[in-house]
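Thank you all for coming; I would like to spend a few minutes on one structure, and I will ask you to keep it in view while I talk.

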Amino acid sequence: MSDAARLVGALRERGWTLGVAESLTGGAVASEIVSVPGASAVLLGGVVAYATPLKHSLLGVDAVLLAEHGPVHPDVAVQMAEGVRRAVAVDGRAADVGIATTGIAGPDSPDGQPVGTVHIGVVTPRGRRSIPHLFTGTRAEVRQQAVAAAVAAALRAVGE
């Protein structure tokens with residue numbers, strides 16, 4: 001069973017819903033989850049906030065944080081995960097869990113951080129955290145590793 005299938009199952013068992021905020025992965029995390037039959041029972045939606053200003057306007061990431069540190073930062077990942085929970089609210093009820101990805105897939109780095117730097121943010125009713133990664137490989141490989149890491153991090157956070 002894939003991590004995505006295990007995540008969908010764990011969320012269903014708890015009666016929890018999910019929102020996904022993505023930057024460098026461009027919707028691939030949501031796509032991975034949607035590939036699981038029954039995902040519609042838990043996935044409310046996602047936001048691809050590729051442009052830095054959208055991280056603030058759509059997800060509520062602190063503008064000062066973005067201005068001082070840029071979009072690739074552990075606190076940005078957590079704030080994106082928190083923000084997507086609200087962004088995908090249904091009937092005034094925010095998603096229980098938020099996952100977020102932000103990072104540098106390459107081939108170049110816009111801010112001097114190493115290509116492959118990725119932060120995964122996960123927020124659940126049990127807490128919030130950011131997990132740093134430094135992946136290697138091509139742009140496509142970095143993005144795929146980020147997808148796998150985001151799903152795995154959410155699975156761990158949900159308690160599987």
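Before anything else, a word on how residues are classed: Ala, Val, Leu, Ile, Met, Phe, Trp, Tyr, Cys and Pro count as nonpolar, Asp, Glu, Lys and Arg count as charged, and the others, Gly among them, count as polar. Please also bear in mind that what you see is a predicted model.

With that classification in hand, let me begin with the largest pocket, which has a volume of about 260 Å³. Of the 16 residues that line this pocket, those closest to its centre are Tyr50, Val72, Gly103, Ile104 and Pro110. Taken by class, the lining of the largest pocket comprises seven nonpolar, five polar and four charged residues. As for where the lining comes from, helix H3, residues 52-57, and strand S3 each supply at least two of its residues.

Strand S3, which spans residues 97-103, brings me to its neighbour, since S1 and S3 pair in the parallel sense over five bridges. Within S3, Val97 is the bridge partner of Leu18. How does strand S1, residues 18-22, sit with respect to solvent, buried or exposed? It is mostly covered, with five of its five residues buried. Leu18, Val20 and Glu22 point one way from S1, while Gly19 and Ala21 point the other way, and all of them are buried. That pattern can be set beside a general rule, namely that in a regular strand the side chains alternate between the two faces of the sheet.

S1 has a further partner to consider, strand S2, residues 43-48, and these two also pair in the parallel sense over five bridges. Here the residue in S2 that serves as bridge partner of Val20 is Gly46. To get from S1 to S2 the chain passes through helix H2, residues 28-34, and this β-α-β crossover is right-handed.

Let me turn now to the charged side chains. How many salt bridges does the structure hold? It holds four, and I will go through three examples.

In one of them, the side chains of Arg6 and Asp3 meet with an N to O distance of 3.2 Å. Both residues lie in helix H1, residues 3-14, where they are three residues apart, about one turn of the helix. Arg6 is partly exposed, with a relative accessible area of 31%, and Asp3 is likewise partly exposed, with a relative accessible area of 31%.

Another salt bridge joins Glu82 to Arg128, where the closest N and O atoms are 2.2 Å apart. This pair links distant parts of the chain, with Glu82 in helix H5, residues 74-87, and Arg128 in strand S5, residues 127-134, 46 residues apart. Arg128 has a relative accessible area of 51%, and it counts as exposed because the cut-off for that class is over 50%.

In a further example, the side chains of Arg93 and Asp96 meet at 2.9 Å, N to O. Arg93 counts as partly exposed, at 42% relative accessibility, whereas Asp96, at 12%, counts as buried, because buried means under 20%.

Finally, I would return to helix H5, which also contains Asp75. At 40% relative accessibility, Asp75 counts as partly exposed. Asp75 and Gly121 are 46 residues apart in sequence, and their C-alpha atoms are 8.1 Å apart in space.

Notes: Residues numbered from 1 in each chain as written. Predicted model: local features only at pLDDT ≥ 70, side-chain atom pairs only at ≥ 80, totals over all residues. Heavy atoms only, no water. Buried < 20%, exposed > 50% of the residue type's maximum accessible area, 1.4 Å probe, protein only. Helix = DSSP H or I, 4+ residues; strand = E, 2+ residues; numbered from the N terminus. Pairing = 2+ DSSP bridges. Right-handed = clockwise from strand over helix to strand, strands pointing away. 1 Å grid on protein atoms, 1.4 Å probe; cavity = no way out; pocket = protein on both sides within 12 Å on 5 of 7 lines; lining within 4 Å. Points joined across faces, edges and corners; volume = space filled by probe spheres on them.
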